[in-house]
Each structure stands twice: as structure tokens, then as C-alpha cells.
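Welcome, and thanks for opening the viewer. Could you take me along this chain, stop by stop, and tell me what to select at each one?

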Amino acid sequence: MAKSRTAPVTAPEICARKHGETPLVMVTAYDAPSARVVDAAGVDMILVGDSVAMVVLGYGDTLQVTTDDMAHHIGAVARTTPNALVVGDLPWLSYHVSRDETVRNAASLVRAGAGAVKLEGGRKRLDAVHAILDAEIPVMGHIGLTPQSIHALGGFKVQGKQLDAARTLVEDAVALAEAGCFAIVLECVPDGVARMITDSVEAPTIGIGAGRHCDGQVLVYHDLLGFSAPGHRMPKFVRQYAAQEFDATESVSRFVDDVRGGRFPSSEETYHMADQMLDELGLYGAAST
Ligand code: KIV
């Protein structure tokens, strides 16, 4: 559980674990407390994902966050000096317009503290991948269900269920790995497709809703800890290890009751003046009540 390394994990080290025995672990974090928690738990990578838009900022999709928003959250995570590699998500439209803008946006995330960036899409995004790699910034790919394409995909749906779509995903993954991506996220694809991809590329695959045949797994912090708005249906690939939204509400409710019932603060939770000063101020009798 405790931190033992002094230098953070690097992208080349992650890539070199393709044929390792232990699966890679990545969890998202968006601020200092969540970064401390996941790093102390021993993850290999912390993803400052654009899922921050949905799980922290209350938007209905990931399209609302900007490069500045991402840099703000990456900075908070990086200032905890984690052992894990900090991967910063390039938000929608930050790598779609031009090569120059792409490189500048990736550089902003690195200056904020990321050791690598992630972008969504397959062969269509190879120019962006090459441009960022030319600036010496490691790139993680992301294919399958790519939430930044939510409108084009027609919703949050499992991808690659048809033969042609499955072949397209394999070809996309091969192209990203050959371009130099150090790892590739596979989101919401059937396990058979994930297995074909994992066997076809030299970069480690990191699955989310992609079954067990990946080189690693990633989950969103708030999903795995059980923070979810009432009525929100968790996807079936999420395993919840806690019910923190419930626990936090219980704790705050107890505080509310204590304040309203006159049980907070107690004398031990209060700074007191010396009796003599109280006396001089004419407040005698107030000290210990
Ligand atoms: O933003 C995010 O949290 C992600 C993960 C779902 C991989 O991209």
C-alpha cells in the first residue's frame, strides 16, 4: 500500500510490461485526494480522464471540458507527486483542428504535470498521434466506445459486435501501436475482439468493459467507489468496492443532526479563554459550557 519508489513510472516502462506476468492497473483521479488514494493503493497509471466532465462537473457527456479544464485537474493530481504515471486526457476538439493546435494542447497537459496524453480514435487520428510523438510526448490510444464521438456513435453502446466493425477495430489498434502509442485503451468491446487486438499489437491493451483478455484494466474512480447519482445505472463492467456516496451522505446527516441537536461542537472541540480573561470581559461562566 505505501509508496516505495522515488521516481514515477514512465510510459516506456508501461509499454515494456506487454509480456509481463502482472496485469497493468489504471484508475482515474481528478484532484489531490483521489490521486493520493489511487497512488497509495499502488496503481501503475492515474488517468486524469475527461470523464471529469460527468463524474465531477455534472455534465451529461465529456464534450464540455476544455484543455484548460483538463490542465487544472492534471495539476491537482500531479502536485501530489504520485509514483504512478499521470496520463492526461486530451479533450474533444483539442487534437482535431490542426497539427500545431494538437501539439500545443498536448504540451499544456504535460506542463500541467502529465507524463503522457491519451486521445480517442483509430487510423483517423494517426496525424495527431505522429505530431504529438514528434514533440516527444508519449501517447496512449483509445478505441472501441469513444465517448467524444457519442453523437456520431448514437449513444454509449458496445462497439465491434459485427464482423466488419471488429476487423476495423483490430486494424485501428495495429495502426496506433505501429505509430508508437505506448498503450491502447479498449472500451466496451466484446472480449473476443479485445483478445484479437491484444494478440495483434505490441502495445499493452488496457480494458474497460472489454473482458479479461487485455494486458491491464481501468475503472473510473467514482464508479469503483460507489459515487453515483440516484437513478444512475452502472454499466455491468463496473465492480463497486464501496458505497461512498451512501456513506458520505450518512456521515453528513449525522453532522446535521448533531448541530441541530446542540451536540456539536463539544467543549473539546472548542478554543477556550483563560477564566481570568473571561472574568475581565464580563463573560464569567461561559468558559466550560
Ligand atoms: O475519461 C475517462 O475516464 C476514460 C476512461 C473511461 C478510459 O477515458
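In which hand, left or right, does α6 pass α8 in their crossing? Select the two helices, α6 at residues 126–134 and α8 at residues 163–179, and look for yourself: the crossing is right-handed. Keep in mind on this tour that you are looking at a predicted model.

**Stop 1: α6 against α8**

Stay with this pair for a moment. The two axes come within 10 Å and cross at roughly 20°. An angle under 35 degrees counts as roughly parallel, and α6 and α8 are therefore roughly parallel to each other. Now show side chains. From α6, pick Leu126, Val129, His130 and Leu133; they meet Ala175, Leu176 and Ala179 in α8. If you colour this contact of α6 with α8 by class, you will find 6 nonpolar residues, 1 polar and no charged.

**Stop 2: α5 against α6**

Keep α6 on screen and add α5, which is residues 99–112. Here the axes come within 9 Å and cross at roughly 55°, and α5 and α6 are therefore oblique to each other. This crossing, too, is to be read by its hand: α5 passes α6 in a right-handed crossing. For the contact, select Arg99, Thr102, Val103 and Ala106 on the α5 side, then Asp127, Ala128, His130, Ala131, Ile132 and Asp134 on the α6 side. By class, this contact of α5 with α6 has 5 nonpolar, 2 polar and 3 charged residues. You have met one of these residues before: His130 of α6 takes part here and also in the contact with α8.

**Stop 3: α4 against α5**

Leave α5 displayed and bring in α4, residues 67–78. The pair packs at an angle of about 25°, with the axes 8 Å apart. α4 and α5 are therefore roughly parallel to each other, and their crossing is right-handed. On α4, highlight Thr67, Met70, Ala71, Ile74, Gly75 and Ala78; on α5, highlight Asn105, Ser108, Leu109 and Ala112. The residues of this contact of α4 with α5 divide into 6 nonpolar, 4 polar and no charged.

**Stop 4: the barrel**

Hide the helices and show the strands. How many strands close into a barrel? Count along and you reach 8, in the order β1-β2-β3-β4-β5-β6-β7-β8, with parallel pairing. Neighbouring strands of this sheet are turned by 25° against each other on average, with direction ignored. For a detail, zoom in on β3 at residues 85–89, which pairs with β4 in the parallel sense over 3 bridges. Label Gly88 and you will see it opposite Val117 in β4.

**Stop 5: two backbone details**

From β3, follow the chain into the loop between β3 and α5 and select Leu93. Its phi is near 75°, a positive value in a residue other than glycine. Next, jump to the loop between α11 (244–260) and α12, where Pro265 has its place. A cis peptide bond joins Phe264 and Pro265, and omega is about 0°.

**Last stop: colour by confidence**

Finally, colour the chain by pLDDT. The mean is 95, and 95% of the residues reach 70 or more. Where in the chain is confidence lowest, and where highest? Helix α12, residues 275–280, is the lowest at a mean of 89, while strand β4, residues 116–118, is the highest at 99.

How values were computed:
Residues numbered from 1 in each chain as written. Predicted model: local features only at pLDDT ≥ 70, side-chain atom pairs only at ≥ 80, totals over all residues. Heavy atoms only, no water. Axes fitted to C-alpha atoms, helices over the stretch in contact; angles between N-to-C directions. Helix = DSSP H or I, 4+ residues; strand = E, 2+ residues; numbered from the N terminus. Parallel < 35°, antiparallel > 145°, perpendicular 65-115°, else oblique. Left-handed = near helix turned anticlockwise from the far one by under 90°. Contact = heavy atoms within 4.5 Å. Nonpolar A, V, L, I, M, F, W, Y, C, P; charged D, E, K, R; others polar. pLDDT = per-residue confidence, 0-100. Pairing = 2+ DSSP bridges.
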